[in-house]
Amino acid sequence: MNKVQTTCNYCSLGCNIDFFVENGRITKVNPTKEYPVNRGFACIKGLSLDKQLDAKRDPLPLVKNGRGEMERVSWDAAFSYAAGKIKDIQARYGAESVAAISTGQLTLEEMALVGHVGRNCLKINIDGNTRLCMATSVVAHKQAFGFDAPPYTLADLELSDTIIFIGGNPVVAHPIVWDRICFSKTPHKLIVVDPRRSETAQNADEWFGIKPKTDLTFLYALAHILIEKNWIDQKYIDEHTEGFAEFKAAVEPFTAGYAQSITGIEAGRLLGLAKTIHEGKAVSLWWTMGVNQSYEAVRTAQAIINLALMTGNMGRPGTGANSLTGQIDAMGSRAFSNTAGMYGGGDFDNPKRREAVAKALGCDESLIITKPTIPYNVIIEKINAGEIKGLWILCTNPRHSWANNETFKTAAEKLELFMVQDIYGDTDSAQLATVFLPVVPGIKKEGTVINTERRLSALRPVLQKQGEEKNDIDVILGIGDALGLQEELKRWRTPRAIFNLMKACSRGMPCDITGVDYDALAGSKGIQWPYPDTNPKQDVERRLFEDGNYYTPSKKAKFIFEKPRDDTPKQSAEFPYYLNTGRGTVGQWHTQTRTREVAYVADVSAEKAHVFINTALAKEKSIIDNDPVEIASFNGQTARFFACLSDTVDYEQLYAPIHYIETNKLTLSLYDSYSKEPSYKYAPVSLRKVIA
Ligand SMILES: Nc1nc2c(c(=O)[nH]1)N[C@H]1C(S)=C(S)[C@@H](COP(=O)(O)OP(=O)(O)OC[C@H]3O[C@@H](n4cnc5c(=O)[nH]c(N)nc54)[C@H](O)[C@@H]3O)O[C@H]1N2
Ligand SMILES: Nc1nc2c(c(=O)[nH]1)N[C@H]1C(S)=C(S)[C@@H](COP(=O)(O)OP(=O)(O)OC[C@H]3O[C@@H](n4cnc5c(=O)[nH]c(N)nc54)[C@H](O)[C@@H]3O)O[C@H]1N2
Ligand code: SF4
Ligand SMILES: [Mo]
């Protein structure tokens, strides 16, 4: 039996799993005992990675023919068709009339390669679907810390005596995080801030069920109390931060009484929470999508950072203002996709970085794109406006996952060229494609991913691809070659070669990985960045900012703040309730293309779109469990769901899991001002029972 250790390519924990293979067949699946993230555990998704092999997939691509039918063609024919069409559209409408959307679920080598072909060689815009997820944290980190750097190591969960989750539900979304909290040997208090009594809130010591989108006021009021009581770390503030005096003045009006009127949390409870933070020896604050997916998300994330800074809860074991990522390689896409910043970080107009990156890539500086991509929402708007005529999507399913998703449908229908690169040909997006490029799943792929705590981990093929099967690298190279880019791509032919290019780009940057050896990463415990070849620290767990130095020019972290916004859609007589959205169950993954193959998941999750409704509201409307209901949204759309009565949502709140396409029919085209991340978690809606 041959053992292959690889990385689960679902969530951002990046658990390692040992697959045992005999005669080309998987015979045993064991979570890797020695891997420091999951230590012998894994969730149902990681244990079921092999199920993605069960789909009867055709290895050959499809191209829409003159009769409007998708026709099976050879790989060479698909590559030359795609390349010809890209060139034709660019010749007629300009370079930027083609765009691409990548993801945080590809390996960093795949993302780097498509970033090179698309951005450098074709001069097109490429955004990541990380925009839907992590853009907020990226901007918050860059502005406050000087670089996009989540500071923690997962071991901090077990070293913390006060664990505060804001807008995160690890019981469902980060099962290994939850596991590590449950088995922590440090006596601790778990506090959850979430308008919904989530699975994590149900298991917490304290739950703050705030009104939706009032986090900023809640956090500023906490800061106000901490300052008023002098429960702050003045030494840390003086030595390692800037902007505190201005912040102090700005939070002055946010009294506990005022906050109560906005957030619905009693003043006394807020005071109690401030005291708990003050008394904690190691306070860690964790946030995910409840914070990131909002119209004032960046400032909310920074309000969390401000709390950690002012109480000296940074850089010490068990502390931190910690953003958990979502997709397996969100961190790889942030640092190595050539989309919003250069490979390894830095701005496209920074002459020194341009020179260094060109040298690392062994190319002329003029080849490197000169500006960041336009964001995801602008790409979709420009397609709808007829300015963008060609779109290539890789490893993402926006017809389902994009906010206000009917706008994606209208966009896709306008495209002259819509290339979908996916492991399944029947996704909601693939059904609109003009070119479908089938690829093998992660279990047959090779490359590197970076998890939520900045840990690089190896993906290694458990099984080899067969016959006509292609992986993502093959397909991107195939299109690149058909475009005539052989010279530009000569250093980019294998995952190892691409990794080494990225390594060279990272030199001297905060995310320096020059000390990582591509081959030695396989079967290892993974390596957290930074890991420079000049001083590779051998410890398995490392956090950032232990010396109090940040990546800003002054080496100090910045207090950043702003008045809460008051210009966004609100509940009204017409739309008296609000729709909250998020993950459903541990076994369900996003648009459910992959997890539908897991029989156990199918057995224990609802087949159709459902919405959680408070029992009192349901009673008022004579709705009982499983009744069909119709929800009308502020965005002008309506959708049908099955009712699921539950007091985990309050009277005004409806909660719809994202795993059904109906949910994003109702979400808004509303974004954070700085990160352009969609405000997925709040839409004013109305509700009625459907009478048969
Ligand atoms: N099983 C499973 N696991 C996953 C995924 C999956 O699809 N399925 N996806 C992965 C990905 S890509 C991501 S990004 C993560 C997401 O992980 P999480 O962010 O933990 O998941 P969500 O359910 O989207 O949202 C978390 C919580 O935010 C709350 N929330 C809504 N509005 C507000 C608000 O105004 N304030 C506050 N404080 N909270 C609010 C919601 O009620 C919800 O409980 O999960 C990852 N893990
Ligand atoms: N309302 C609402 N909407 C949301 C969210 C929310 O909380 N609320 N969350 C948002 C967030 S955080 C995220 S991350 C997005 C996720 O949104 P998407 O990225 O659109 O969701 P997935 O279902 O993960 O899509 C991944 C696609 O890649 C395919 N795939 C899997 N493996 C491979 C591979 O190796 N190669 C290729 N080429 N394809 C592969 C899968 O079959 C699938 O079609 O959804 C966002 N949408
Ligand atoms: S917790 Fe995340 S990385 Fe670990 S097995 Fe589950 S989905 Fe995979
Ligand atoms: Mo995500």
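Here are some short exercises on this predicted model, each with a worked solution.

Residues are numbered from 1 along each chain as its sequence is written, while chains are lettered from A and ligands numbered from 1 in the order in which they are written. Because the model is predicted, local features need pLDDT of at least 70 and side-chain atom pairs pLDDT 80 or more, while totals for chains, interfaces and linings use all residues; side-chain values use heavy atoms, without hydrogens and water.

**Exercise 1. Find out how many disulfides the structure has, and where Cys395 stands**.

Step 1: Recall that a disulfide is a pair of cysteine sulfur atoms within 2.5 Å.
Step 2: Searching the whole structure turns up zero disulfides.
Step 3: For Cys395, the nearest cysteine sulfur belongs to Cys8 and is 13 Å away, so by the 2.5 Å cut-off Cys395 is in no disulfide.

**Exercise 2. Compare the expected span of helix H15 with the distance between its ends**.

Step 1: Helices are DSSP runs (H or I, at least four residues) and strands are E runs of at least two, both numbered from the N terminus.
Step 2: The expected span is 1.5 Å times one less than the number of residues.
Step 3: H15 covers residues 297–310, which is 14 residues, so it should span 20 Å.
Step 4: The end C-alpha atoms of H15 are 20 Å apart, in agreement with that value.
Step 5: Look at the cover too: 14 of the 14 residues of H15 are buried (buried is under 20% relative accessible area, exposed over 50%, partly exposed in between, with a 1.4 Å probe and protein chains only).
Step 6: After H15 comes Gly312, with a positive phi near 65°.

**Exercise 3. Do the same for helix H22**.

Step 1: H22 runs over residues 495–506, and its 12 residues should span 16 Å.
Step 2: Its end C-alpha atoms are 16 Å apart, so the two values agree.
Step 3: Among the buried residues of H22 are Ile498, Phe499, Leu501 and Met502.
Step 4: Gly508 follows H22 and has a positive phi near 80°.

**Exercise 4. Describe the surroundings of ligand 1**.

Step 1: A residue counts as near if one of its heavy atoms lies within 4 Å.
Step 2: The shell has 34 residues, and the closest are Ala173, Asp194, Lys213, Asp215 and Gln588.
Step 3: Now look for polar contacts, which are pairs of N or O atoms within 3.5 Å (within protein, one must be able to donate a hydrogen and the other to accept it, and residues adjacent in sequence count only if both atoms are side-chain atoms).
Step 4: A nitrogen atom of ligand 1 lies 3.1 Å from a polar backbone atom of Val193, and an oxygen atom of the ligand is 2.9 Å from a side-chain N or O atom of Lys681.
Step 5: The protein covers 99% of the 910 Å² of accessible area (Shrake-Rupley method, 1.4 Å probe; for residues, only the protein chains shown count as cover) that ligand 1 has on its own.

**Exercise 5. Describe the contacts of ligand 2**.

Step 1: Of the 31 residues around ligand 2, those that come nearest are Gln105, Asn129, Ser401, Asp422 and Thr591.
Step 2: One oxygen contact reaches the side chain of Gln105 at 2.7 Å, and another reaches the side chain of Thr591 at 2.6 Å.
Step 3: Alone, ligand 2 exposes 920 Å², of which the protein buries 99%.

**Exercise 6. Is Asn23 buried or exposed?**

Step 1: Asn23 sits in the loop between strand E2 (16–22) and strand E3 (25–31).
Step 2: Its relative accessible area is 79%, so Asn23 is exposed.
Step 3: Asn23 also has a positive phi, near 50°, although it is a residue other than glycine.
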